[in-house]
Amino acid sequence: MTEKRRQVDYEQAGSDYLDKRRLRQGAAGWVLLAGLGVSYVISGDFAGWNFGLAEGGWGGLLLATVLMATMYTCMVFGLAEMASALPVAGAGYGFARRALGPLGGFATGTAILIEYAIAPAAIAVFIGGYVESLGLFGLTSSWPVYLACFAIFVGIHLYGVGEALRLMFGITAVAVVALIAFVVGMIPEFSTAKLFDIAPVDAAGASAFLPFGYAGVLASLVYGIWFFLAVEGVPLAAEEARDPRKDMPRGIIAAIAVLLVFAAAILVVAPGGAGSATIADADNPLPAAVRAATGGDNALAEIVNYVGLAGLVASFFSIIYAASRQLFALSRAGYLPRLLSVTGKRRTPYLALMVPGTIGFVLAAATRDGALLINIAVFGATISYVLLNLSHIVLRFREPGLERPYRTPGGIATTSVALVLAIAAVIATFIVDMVAAAIMALIFLAALAYFWFYSRHHLIANAPEEEFAALQAAESELS
């Protein structure tokens, strides 16, 4: 049966449809969810953020990171509220679907999906850089590393979500220990002068603190994001959490608290110990920082280099999970081909894992450019951040009576701050890399065209994220 409501067509799927698309419930409590949030992001402490030193110098990256830390913190409070009120696997797409309608929901979900499909490819490039710097396996090309990463970790996710989340938590714990060791080991090498060793250029506002002027701050926003990128993915585990209404807010807020501490520590001690210019272009900045600060290889450099792989693997592993759940939710609701949301005997969406994994491997092997892939992923992320914060504001006005087990401190004022900063971050992506932004924009527009001409006519009314909209539309027609 197909029903037409407003500008979309709904089909009422049978119970068999949803039975083939069920996830394993009760697999994660708030501690595992917090670990998942840290795991998403922790690779950003090991690699990627340092490219901002080349764009804005240490002062520019510092200001950019403070702004992005503010954006993420404010946004996380809004996400905590929406996740407690609407605990569905669609997460960001589900929130925006309820607030902004089917087009807004699809646009948000697509932007998030692009972010999560591209980010693992960037991380795989960084993993390859770490492996090559260690001289492991005698590799002169990293594509076998990329292939092994996708094959092994997609395979673990296919085995089961509970096992995957626990393994992620363990790998993340190892990476956290390595970061602590790095920070403690670099403190004796710290010098304020090393922070400002990039010579100022002839630009507006240029100084020792801002060597590339005011424009450098805006250009560095993309890399300040890398300290926090993907923490917003925690609500994607809603249907697999034990008590999502309570555990989601606890998990995502605990995760951002940990990430803020590490961002501050790494941003100060790494360039302060080695020199901003030394690590500005390094694919493996933390081991490079130790070697530069201490004059060569030593035990700490080796530990950070080897265990740094754990941090990169943790984020790689967890973002694959996030991509699969976002793809699963969009497919289950009919926005993307429905076959992609079918789950196997272990209640894992196997095609939703394998398809993004294949795309990620191809991108990593074809480009071998972590910075380019970061910029594409960040563009998708910033688009979604604009829509997510807007969704919180709209829901507060449109549905003041919606049950909210957790409420955002400061209400819409908090998410309004995040919204303004997210818009600035979108603008920054064009300044940093016009090619990457253009690629992302074309992919995004192609996806919207697919929605407009096809998928909006084939939505599933009784998918969890769509049930509310379908009921509201029916009530409106009756009245």
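Start by selecting Val31, which sits in helix α2, residues 30-41. You're looking at a predicted model, so treat each stop as a prediction. Is Val31 buried, partly exposed or exposed? It counts as partly exposed, because its relative accessibility is 43%. Now add Trp30 and Phe169 to your selection: together with Val31 they make a nonpolar surface patch of about 260 Å².

**Check the confidence**

Colour the chain by pLDDT next. The average is 85, and 91% of the residues score at least 70. Which element has the highest mean pLDDT, and which the lowest? Helix α4 (residues 51-85) comes out on top with 95, while strand β1 (residues 2-5) is at the bottom with 45. Over residues 1-5 the pLDDT stays below 50, though this stretch still has 18 contacts in the model beyond near neighbours in sequence. Where pLDDT is low, don't read the predicted coordinates in detail.

**Into the salt bridges**

Stay with helix α4 and pick Glu81. Its side chain meets that of Arg396 in a salt bridge, 2.7 Å from N to O. Glu81 lies in helix α4 and Arg396 in helix α15 (residues 370-398), so the pair ties together parts that are 315 residues apart in sequence. Glu81 counts as buried because its relative accessible area is 2%; Arg396 is buried too, at 17%.

Keep Glu81 selected and add Arg404, another salt-bridge partner at 2.9 Å, N to O. Arg404 is in the loop between α15 and α16 (412-432), 323 residues from Glu81. Salt bridges that share partners join Glu81, Arg396 and Arg404 into one network.

Now show Glu399 and Arg98. Their side chains form a salt bridge as well, 2.9 Å from N to O. Glu399 is in the loop between α15 and α16, Arg98 is in helix α5 (residues 92-134), and 301 residues separate them. Both Glu399 and Arg98 are buried. How many salt bridges does the count come to? Three.

**A buried alanine**

Jump to Ala333, in the loop between α13 (299-332) and α14 (350-367). Ala333 counts as buried because its relative accessibility is 0%. Leaving aside neighbours within four places in sequence, its contacts include Tyr93, His458 and Glu466. Try the distance tool on Ala461: the C-alpha atoms of Ala333 and Ala461 are 7.5 Å apart, with their positions 128 residues apart in sequence.

**Last stop: a ruler for a helix**

Finish with helix α10 (residues 244-274). Its 31 residues should span 45 Å at 1.5 Å a residue, and the end C-alpha atoms are 43 Å apart, which agrees. Just after α10, click Gly275, which takes a positive phi of about 105 degrees.

Notes
Residues numbered from 1 in each chain as written. Predicted model: local features only at pLDDT ≥ 70, side-chain atom pairs only at ≥ 80, totals over all residues. Heavy atoms only, no water. Patch = residues over 30% accessible without salt bridge, like charges linked within 9 Å, V, L, I, M, F, W, Y side chains within 5 Å. Areas by Shrake-Rupley, 256 points an atom, 1.4 Å probe, with all protein chains shown as cover. Salt bridge = Lys/Arg side-chain N within 4 Å of Asp/Glu carboxyl O. Helix = DSSP H or I, 4+ residues; strand = E, 2+ residues; numbered from the N terminus. Buried < 20%, exposed > 50% of the residue type's maximum accessible area, 1.4 Å probe, protein only. Contact = heavy atoms within 4.5 Å. pLDDT = per-residue confidence, 0-100. Expected span 1.5 Å × (residues − 1).
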